[in-house]
Amino acid sequence: MKKNILLVLTLLAIVLSGCAAPAATAPDNSAELESLTARVDELEKENSNLKAQLKATTEAETTEAASASGSVLAIGEEGTLKDWSVVVTNAEITDSIKENDYYGFSPEEGNKYIAIDVTVSNNGKNAANFLPSFGMGDDVSAKVLYQGDYEFSATNLLGYSKSLYDTSVNPLSTKSGIVAFEIPDAVASADEELILVISAGKDNLQFKVR
C-alpha cells in the first residue's frame with residue numbers, strides 16, 4: 001500500500017513539474033529598435049528637405065514681390081505711378097534749406113535735411129496735387145528708407161516756394177520742386193543707401209538717392 005502511495009506521489013510530482021511554466025525570458029526587440037531608428041532618420045531627412053523647400057519658396061516669393069513692385073530707379077531715371085511720371089534729378093544732404101538770404105529752414109538739433117529734387121508730370125485728364133498735406137486713398141505720399149527698415153516721413157516746409165507739397169499740376173503739365181526729409185546725423189554720415197519711396201495706394205516707385 002505504501003509502495004502504491006509513494007508511486008502515485010512520484011508520478012504526481014513528475015506531472016506537476018512537467019506542467020510548470022518555463023522561466024520567462026526577455027523578448028528580443030533589437031530588430032524593431034533598428035527599424036524605429038531607421039524611420040526616425042528618414043523623418044529627419046524629410047524634415048530637412050521640407051525646410052529647404054520652404055526656404056527656397058519664401059525666397060522666390062520675396063524676389064517675385066520685389067519684381068512686382070518694380071526695381072529701384074537711379075537718379076535721372078523716370079518712373080510711372082498712376083497718372084504721374086516722376087524723375088529724381090538730384091539729392092543733397094544739407095544743414096539748412098534757404099528760401100533767400102533772410103528766410104530759411106533748419107532741422108532739429110542732431111538732424112540734417114536730405115533735399116531731393118523731383119520733376120513730376122501729370123498724365124491724367126484733371127488737375128491734381130502731387131503731395132497733398134492730408135492724403136487719402138490713392139493720394140501720393142513720400143518717405144525715405146534707411147537700411148530697409150527705418151522710415152522717415154517727408155517734412156512740409158511751409159512757405160517754401162520750391163516745395164512740392166500741395167503742388168497743383170494741370171493735365172499734361174510738368175513741375176519741378178523739392179521734397180525734404182529730416183534725418184539724424186548718424187544716418188546722414190553713414191554709408192548705407194537711402195531709398196526714396198513715392199507711393200499711391202498699393203503702388204510705389206523707389207529711387208536710390210544715396
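# Briefing: salt bridges, strands and a pocket

Let's start with one residue: Glu193 has a relative accessibility of 42%, so it counts as partly exposed, because that class sits between the buried cut-off of under 20% and the exposed cut-off of over 50%. Keep in mind that you're looking at a predicted model. The protein has 210 residues, and 29% of them are buried. Its secondary structure comes to three helices and twelve strands. Among contacts with a separation of 6 or more, 67% are between residues 24 or more positions apart.

**Glu193 and its partner**

- Glu193 makes a salt bridge with Lys208, with 3.9 Å from N to O.
- This pair links distant parts of the chain: Glu193 belongs to the loop between helix 3 and strand 11, Lys208 belongs to strand 12, and 15 residues separate them in sequence.
- Lys208 has a relative accessible area of 41%, so it's partly exposed too.

**The other salt bridges**

- How many salt bridges does the structure hold? There are six in the structure.
- One of them joins Asp203 and Lys82, whose closest N and O atoms are 3.1 Å apart.
- Asp203 is in strand 12 (residues 203-208), while Lys82 is in the loop between strand 1 and strand 2, so this pair ties together parts that are 121 residues apart in sequence.
- Are Asp203 and Lys82 buried, exposed or partly exposed? Asp203 comes in at 36% relative accessibility, so it's partly exposed, and Lys82, with a relative accessible area of 41%, is partly exposed as well.
- There's also a network here: salt bridges link Lys82, Asp138 and Asp203.
- Another salt bridge brings together the side chains of Asp185 and Lys112, at 3.2 Å from N to O.
- That pair also links distant parts of the chain, with Asp185 in helix 3 (residues 185-188) and Lys112 in strand 5 (residues 111-122), 73 residues apart.
- Both ends of this pair are partly exposed: Asp185 has a relative accessible area of 31%, and Lys112 has 25%.

**Strand 1, strand 2 and their turn**

- Strand 1 (residues 78-81) has two faces: Gly79 and Leu81 are on the covered one, and Glu78 and Thr80 are on the uncovered one.
- Strand 1 pairs with strand 2 (residues 84-94) in the antiparallel sense, over four bridges.
- Which residue in strand 2 is the bridge partner of Leu81? It's Trp84.
- The two strands make a hairpin with two residues between them, and Lys82 in the turn has a positive phi of about 55°. You've already met Lys82 as a salt-bridge partner of Asp203.

**Strands 7, 8 and 10**

- Strand 7 (residues 140-146) and strand 8 run antiparallel, joined by four bridges.
- In this pairing, Tyr146 has Tyr150 of strand 8 as its bridge partner.
- Strands 7 and 8 form a hairpin with three residues between them, where Gln147 has a positive phi near 60°.
- Strand 8 is also joined to strand 10 (residues 173-184) by two bridges, again running antiparallel.
- Here Ala154 is opposite Phe181 of strand 10.

**Two buried serines**

- Where is Ser199? You'll find it in strand 11 (residues 194-200).
- Ser199 is buried, because its relative accessible area of 17% is under the 20% cut-off.
- Not counting residues up to four places away in sequence, Ser199 touches Leu81, Asp139, Val140, Ser141 and Asn204. Leu81 is a residue from the covered face of strand 1.
- Ser163 sits in the loop between strand 8 (150-155) and strand 9 (168-169).
- Ser163 is at 11% relative accessibility, so it's buried as well.
- Leaving aside neighbours within four places in sequence, Ser163 has contacts with Asn156, Leu157 and Ile178.
- Ser163 and Leu131 are 32 residues apart along the chain, and their C-alpha atoms are 9.6 Å apart.

**The largest pocket**

- The largest pocket has a volume of about 190 Å³.
- It's lined by 14 residues, and those closest to its centre are Asp83, Trp84, Ala128, Asp138 and Asp139.
- What's the lining made of? It divides into five nonpolar, four polar and five charged residues.
- Some of these names should ring a bell: Trp84 is the bridge partner of Leu81, Asp138 is part of the salt-bridge network, and Asp139 is touched by Ser199.

Notes:
Residues numbered from 1 in each chain as written. Predicted model: local features only at pLDDT ≥ 70, side-chain atom pairs only at ≥ 80, totals over all residues. Heavy atoms only, no water. Buried < 20%, exposed > 50% of the residue type's maximum accessible area, 1.4 Å probe, protein only. Contact = heavy atoms within 4.5 Å. Pairing = 2+ DSSP bridges. Salt bridge = Lys/Arg side-chain N within 4 Å of Asp/Glu carboxyl O. 1 Å grid on protein atoms, 1.4 Å probe; cavity = no way out; pocket = protein on both sides within 12 Å on 5 of 7 lines; lining within 4 Å. Points joined across faces, edges and corners; volume = space filled by probe spheres on them. Nonpolar A, V, L, I, M, F, W, Y, C, P; charged D, E, K, R; others polar.
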